[in-house]
Structure formats: C-alpha cells, structure tokens
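Happy to go through this one together. Let's take the labels one by one and ask what stands behind each.

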Amino acid sequence: MKMIVRIDDVGFTDVCNIGAFETIDNGVATAADVMLECPGTVDALLRLTRYPWISVGWHAHMWGSPVLGGDKVPSLTEHGGEFDGRFRTDLRSSEDVDEAEAYAELTAKLERCRAILGRYPDTGAGVRGNTPFCRAMARVQQERNIPTNFMSRQAGDPRTTEKILAGQARGEKWAFLYNPKGMPASHADLKWAGRKIVNADGGCLTWIYGRTLSPRWRKITIQCCITPKIGRGFCLCRRM
C-alpha cells in the first residue's frame, strides 16, 4: 500500500501556508491543492516554485475575491452585508451567473497561476452540472488540458456527520462551514474510470489511518489530504 499526502486549502492565508509548507519540508506531503483567489495565493505559488516536484491541484472553493475585481464580474459576487465583494456561495448552482464573466475570472486565475508558478495546475477542479459557472469552469480547463473529474466520490461517512454536528453543538465556527449531510456520491468521467481513483471523505486523519488496517482496503493506494485551517482531511484511494 502506498500513501500520498496532499495538503488542502493552500493559499487560504499566509498563516495557513506556514503549516502547509512545514508538511512539505518535513517530507510528509507530495501534493498541494491551491486556492487561486485568496489572500495567501501569491505567497503559496511563490513558495511552490521552490518545490517543482510537488503536484499542484486547483482547489476551486471560491472563498476569496475576484482576481479581476468585483466591478468587472458583478454577477459573481455578494453585494452588501458582511461578505460584500466576495464570491457568492451559490455560484455553481445559480442560473443568473454571467457565463462570460465566470469564464473571464476563471481564466484570470489560471493565467496568474502560470505567471507566478510557471505552469497551470497539474490537476483541475471537479465540474458537476450544466449551470453557467460550471460550463465556464469546464471550458477553461479543457482549453488547457487540465485533468478534471478524474475520481469517484463516496457518499459522506456517518462519522464525518457526527464530527460536524458535534462541532456545531459546541458553537465552533469551522463546523458551520460544512454540510453535515456530506457530499453525494459521484463517478469519474469515463476517460478516467479505468484508474479507479476514489475520494473517500474520512473527516479526520485518525479514521483514515484506521481504515488502512481493514482487509477491504489492503490493496489500495491512499492519498490523504490535510486541511491546515481545522485539521480536517480526506483521502483519495486507488484500487490496485
């Protein structure tokens, strides 16, 4: 069995980057998923230029602000309130998003990544659905030959739900950023299906390590993902 550790949410802030890159410097992680619109994005990409062997993925949470500026892509942002000027939380599901604006903003993200890092991300963001934003996301990645939808996703595990609900009951802010129901199951695109890569959301690293002891998982390569903000993780599993 082979375990590959991937760092999640790289670029969220400069402070989060400190912990993320400590895992690289200590030989733990060999892959990093970078958020391309957050306060720590430039710092993360500059740091990654010193680690050319690290596999870089695009972590398209859209938690930050537009690279182009909110005035250039008004249909993508919140207007008023605490998160004024930041990306809407319903980008992927809304039909009133301007597809041209989404395409321009996503293009700007990828081109800034290439300008700083020297290349586009090695793996792309998953695209599910046919909304304006999803169509723009699929198009910018296809034009640059960035692999996407290359893994299947298992339905959320009950232990993940328990951890989130317990955090919400204690009033912990991180817990309210996650849906207790978890992510629904999904399948890799046909071109990648033969690789049998599975994203198994474990909710915490101790559970992931525990699963590796089960006979059911003995012939699987596990990729474990660390989130610097809250210590949450998931793994990508490939059946051998």
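Q: Why does Cys134 count as buried?
A: Buried means under 20% relative accessible area, exposed over 50% and partly exposed in between, with a 1.4 Å probe and protein chains only. Cys134 has 4% relative accessibility, so it counts as buried. A word on the background: this is a predicted model, where local features need pLDDT of at least 70 and side-chain atom pairs count only at pLDDT 80 or more, while totals for chains, interfaces and linings use all residues. Residues are numbered from 1 along each chain as its sequence is written, and side-chain values use heavy atoms, leaving out hydrogens and water.

Q: What makes Cys38 buried?
A: Its relative accessible area is 8%, so Cys38 is buried.

Q: Why is Cys38 not bonded to Cys16?
A: A disulfide is a pair of cysteine sulfur atoms within 2.5 Å. The closest cysteine sulfur to that of Cys38 is in Cys16, 9.3 Å away, so it is too far for a bond. The structure holds 0 disulfides.

Q: How do you know that the span of helix α4 agrees with its 12 residues?
A: Helices are DSSP runs of H or I with at least four residues, strands are runs of E with at least two, and both are numbered from the N terminus. The expected span is 1.5 Å times one less than the number of residues. For α4 (residues 132–143) that gives 16 Å, and the end C-alpha atoms are 17 Å apart, which agrees.

Q: Which residues of α4 are buried?
A: They are Pro132, Phe133, Cys134, Ala136, Met137, Val140 and Gln141.
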